[in-house]
Amino acid sequence: MQEDRLITIAIHTYEKAHELKNILKCEGVKVTLQNVNLSTPVVSSGIRVRIRECDLPLALRVIENIEIFAPAALKECADGSAEILVPIDFSNSSKQACFIAFRIASAHKAKIKLLHTYVDPMLTNTASLQLTDAMTFDTSADAVMEIQEEKELNKLGNSQMKEFETLLRDKMKDGVIPPVIFSSEVSEGLPEEVITDYASTHHPMLIVMGTRGANRQSRDMLGSVTAEVLDSCRSSIFTVPESPRFKTVADIREVVYFASSRQQDILALDALYRIFPEQSLSVTLASIPSKKKPKGDAEALGNLKEYCVKNYPAYTFKALQLSQSNEIEEFKVLDNQNKIELIVVPTPHKNIFARLFNPSLAHKLLFHSDIPMLSIPV
């Protein structure tokens, strides 16, 4: 391949050729237009769009996914399709989660919504202000400073988001992640509240979030936010640690599903099958005994396995009865035997008091495992 040799990649009218030139130029491709009538270029037809031969692979990726790289086309194509919400704090964890979300979105022809939130400094100072006698000092200077801090946080968030969008476009151009339509939003507020409010309004098909490693002393903000969203949000949530055991979601094979032997299992397994309809998953149905049946319900577990074999032909199934004593420890034993790549947990709705005194299994597993988890509301 001769790097400087010009080749023709398209022939358009003047307006279309000029539009394509601008798009390619923005993505780093040098473009030359030929057969342009210099005296009256607008009426010229058959304009050749030419590029260097070495830029052909990049130019083809851009042209084949023009709806992503052309802002006007993006606006036209973004409505009416399924959406995956990706909360992002620009850490390696959330970036890893974002790349996985793009692959899931590509398989479902869904769009991506990137959501970054920052906390208003006024919120962090409210408690201390309440404990101080307002008559003893002038708070006007503090208020001005807090407003300035909020503006700076908003400016920083938007700047980081633009840099991240550029990174994603570069990854798409290089073929590292599949081309997917995406948009972004930077919002002020407590992250878990902003995420939950967005999900309740827009009903994304999936939320994909990053988590810290379980070996860290603290999960920092991202881990606690993910836990809060797991407990309160009524959307399916896919949590991704910094170092998952698979390179892409297409590599997932070993899955453990925590069954409750109730009708809710059918709803959750249907949701799992919709997300990964064609993968050859090996699913272990791990049944957790109830208080009424501490030894488990072998008949119900057998019926569930029979139903799964009949209705989810792409998957294979095994059944395992857990004890009621410590499901976390038993899961660790199961993981050592099978090297689980994905945990699936049906998560029933609980009020705030139940969440405080009796955390969900998904919440517990988040802090005791470095394995990706799919929490499905039932």
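Which residues of α11 are buried? Keep that in mind while we take a quick look around. What you have here is a predicted model, and its protein chain has 14 helices and 13 strands. Of the 378 residues in the chain, 44% are buried. Count the contacts with a separation of 6 or more, and 79% of them join residues 24 or more positions apart. The accessible surface adds up to about 19,800 Å², with carbon and sulfur atoms holding 52% of it.

Now go to helix α11, which runs over residues 298–311. Its 14 residues reach 20 Å from the first C-alpha to the last, close to the 20 Å expected at 1.5 Å a residue. The buried residues in this helix are Ala300, Leu301, Leu304 and Cys308. They sit on the same side of α11, because they cover an arc of only 100° around the axis. A bit of background helps here: an α-helix has 3.6 residues a turn, so residues three or four places apart point the same way. Turn to the other side of α11 and you'll find Ala298, Glu299, Glu306 and Lys310, which are exposed.

So what do the buried residues of α11 pack against? Their partners are two strands, β9 (254–259) and β10 (282–287), along with helix α10 (264–275) and strand β11 (316–321).

One more stop: Ser94, in helix α5 (residues 92–108). Ser94 is buried, with a relative accessible area of 0%. Its side chain makes a polar contact with the side chain of Asp89 at 2.8 Å, and the Ser94 side chain also reaches the backbone nitrogen of Phe90, at 3.2 Å.

Methods:
Residues are numbered from 1 along each chain as its sequence is written. This is a predicted model: local features need pLDDT of at least 70, side-chain atom pairs count only at pLDDT 80 or more; totals for chains, interfaces and linings use all residues. Side-chain values use heavy atoms; hydrogens and water are left out. Helices (H or I, at least four residues) and strands (E, at least two) are DSSP runs, numbered from the N terminus. The expected span of a helix is 1.5 Å times one less than its number of residues. Buried means under 20% relative accessible area, exposed over 50%, partly exposed in between (1.4 Å probe, protein chains only). The arc is that of the directions from the helix axis to the C-beta atoms. Contact means heavy atoms within 4.5 Å. A polar contact is a pair of N or O atoms within 3.5 Å; within protein, one must be able to donate a hydrogen and the other to accept it, and residues adjacent in sequence count only if both atoms are side-chain atoms. Accessible areas come from the Shrake-Rupley method with a 1.4 Å probe; for residues, only the protein chains shown count as cover.
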